[in-house]
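Trainee: I have the picture open and would like to go through it piece by piece. Please start wherever you like.

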Amino acid sequence: NVGDIHAEVLVLGSGPGGYTAAFRAADLGLRAVLVEKYDSLGGVCLNVGCIPSKAMLHAAKVITEYEEMGEHGFTFVRPEVDIDGLRSWKDSVVNKLTGGLKGLAKARKVEVVTGVGKFSGPNTMSVTNDGKETTISFDQCIVAAGSEPVKLPFIPHDDPRVIDSTGALEMTDIPKRLLVLGGGIIGLEMGAVYDALGSKVTVVELMDQIIPGADKDIVKPLHNRIKGRYENIYLKTKVTAVTAEDDGLHVVFEGPDGEHVDTFDRVLVAVGRRPNGSTLGLENAGVAVDERGFIAVDNQQRTNVPHIFAIGDVVGQPMLAHKAVHEGKVAAEVCSGMKRVFDARVIPSVAYTDPEVAWVGMTEIEAKAQGIKVGKGVFPWAASGRSLSLGRSEGLTKLLFDPVDDRVIGAGIVGPNAGDLIAEVALAIEMGADAVDLGQTIHPHPTLSETVNFAAEMFEGTITDLI
Ligand code: FAD
């Protein structure tokens, strides 16, 4: 034990993957040390990702529901937004959770070392904080260093009017005209927040649809809804230049109709995230990192160096908190000597927009690419009593079935609370459930969960007529 501190398991990074791994390792009796460069634990997800974005999306939904219920027999005055109050509320949600993590670490005797960690050898890490260096020696290590937003070379990222998701969540003011560069989940979620707060939002996406990973039919209701609210949605369009001028950010678009230029007060760059694997001195420990910064692992989360593991965003797609958490548990349990592998059949994805878009398992795009002919059961929410009573009817629940044995292999759901509903299908896929299982399980009425039940029945042909 050559270090100032010795860890049986050293965890680098305190995001959902890292804190889960450290807590699980401690619960299994190992001396765990958690290294994090920020004072606040919780990583991207708790501090500048999942949690603050969902708090802001809730505020956005309250505002848009007010507006829309106006058509259903109410008269509302448009809510006045107090941006400072809203920001404090969002910060209070974050602080509750990150403060809670500190308490949980203490209760488990997980030692938290604050500073930037860098491997100095296969069993040592140096942690630097304000010029002070601490050396930690370890028996095993779990790398959970996460990812950061991608920057584009033709964009003046040093101009304060160019922001990433972290900047967007700081909520300093409400821009008049906001360009969201990238029509993926993060961009659309932040676009929804600023739209509700009063910004004129434009979204630009390179592909021929927003949320390119999901099936078109699942994305369409979201597209149609935001089309009516946003200034523009440009598809198959590239931004080729952004220049910072006194009157705003001049943006050059190149799309199907040629080139045009427009000026925005703010540009939110949301074109993806890149892993932090290249910044950790992993070469000093002999751990292989690919040219993009991803660390390759086996199904036990082990890197090419058997006592060093890696989890979460830094090991690959999908970059989602629940994947990081699951991998963190596997890695900690393997460290403690348990026989565990990462063997999840599916990992659900959710855009917490309004309507929410959720999918799990195989998509129709994937089935087509692989030449698999799948069975399909689709239930439009226009026939759901619960959906109509929410004042909404645009949702859709789609189930995909194995053509041979009718087992459910995928699902796409769009509509309010689709993110909660998709969990049932994830369980069904993990359990090997088939159409009869889903069709004959009694779901509570009237709920949106019935739409899963009905989609299975539509596939089976036990219901054919919609009300
Ligand atoms: P991270 O959460 O990235 O944590 C890594 C930690 O390591 C950080 O705290 C970092 O400071 C620390 N670190 C890195 N290098 C060092 C070093 N050298 N020394 C010390 N510390 C270091 N996912 C979902 O599942 N659902 C959502 O709703 C969702 N919403 C999101 C919204 C936004 C705006 C963003 C940006 C992301 C969102 N994500 C969401 C993605 C999610 O945040 C990530 O997948 C998740 O945080 C990954 O967890 P992780 O443990 O791999 O790493």
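Mentor: Let us start with K54, which sits in helix α3 (residues 50–69). Helices here are DSSP runs of H or I with at least four residues, strands are runs of E with at least two, and both are numbered from the N terminus. Residues are numbered from 1 along each chain as its sequence is written. Please keep in mind that this is a predicted model, in which local features need pLDDT of at least 70 and side-chain atom pairs count only at pLDDT 80 or more, while totals for chains, interfaces and linings use all residues.

Trainee: Is K54 buried or exposed?

Mentor: K54 is partly exposed, because 15 other C-beta atoms lie within 10 Å. By that count a residue is buried with 20 or more other C-beta atoms within 10 Å of its own, exposed with 12 or fewer, and partly exposed in between, the C-beta atoms being placed from the backbone.

Trainee: Which residues share a "binding site" annotation with K54?

Mentor: In the unreviewed UniProt entry, that annotation covers K54 together with G117, D313, M319, L320, A321 and H322. These positions span 269 residues in sequence and their farthest two C-alpha atoms are 29.8 Å apart, so they do not all gather at one spot. The UniProt positions are in the numbering used here, the feature names are shortened, and annotations may be inferred rather than shown by experiment.

Trainee: And where is G117?

Mentor: G117 belongs to strand β4 (residues 116–121), and G117 is buried because 25 other C-beta atoms lie within 10 Å. Setting aside residues up to four places away in sequence, G117 touches L12, V35, M125 and V127, where contact means that two C-beta atoms, placed from the backbone, lie within 7 Å.

Trainee: What does the other "binding site" annotation cover?

Mentor: From the same kind of record, an unreviewed UniProt entry, it covers G182, G183, G184, I185, I186, G187, L188, E189, E205 and G272. They span 91 residues in sequence, yet no two of their C-alpha atoms are more than 14.3 Å apart, so they gather at one spot.

Trainee: Pick two of those for me, please.

Mentor: I186 is placed in helix α6 and counts as buried because it has 22 C-beta neighbours inside 10 Å; beyond residues up to four places away in sequence, I186 touches S165 and A270. G272 lies in the loop between β15 (266–269) and β16 (273–275), and G272 is partly exposed because 14 other C-beta atoms are within 10 Å.

Trainee: New topic: which residues touch the most other members of the largest nonpolar core?

Mentor: Of its 135 residues, L10, A32, I142, V143, L268 and I422 do. Helix α6 (residues 185–197) gives the most to this core, with 9 residues. Such a core is a set of buried Ala, Val, Leu, Ile, Met, Phe, Trp, Tyr and Cys residues joined through C-beta atoms within 7 Å. As for I142, its contacts outside four places in sequence include V9, F309, I311 and C335.

Trainee: How far apart are the end C-alpha atoms of helix α4?

Mentor: They are 36 Å apart, which agrees with the 36 Å that the 25 residues of helix α4 (residues 83–107) should span at 1.5 Å a residue; the expected span is 1.5 Å times one less than the number of residues. Within α4, K90, T98, L101 and A105 are buried, and what covers the buried residues of α4 includes α1 (16–27), β2 (32–36) and α3.

Trainee: What about the sheet that holds β18?

Mentor: That is an open sheet of 5 strands in the order β18-β19-β22-β21-β20, with antiparallel pairing. The edges are β18 (349–351) and β20 (375–380), each with a single partner strand, so one side of each is left without a neighbour in the sheet. Two strands pair if DSSP finds at least two bridges between them, and β21 (residues 396–401) and β22 (residues 408–415) are joined antiparallel over 6 bridges, with T397 having I413 of β22 as its bridge partner.

Trainee: Which strands does helix α11 lie across?

Mentor: Helix α11 (residues 418–431) lies across β18, β19 (356–361), β21 and β22, running at about 10 degrees to β19. Helix α13 (residues 450–460) lies across β20 and β21, at about 130 degrees to β20. The axes are lines fitted to C-alpha atoms, for helices over the stretch in contact, and the angles run from 0 to 180 degrees between N-to-C directions.
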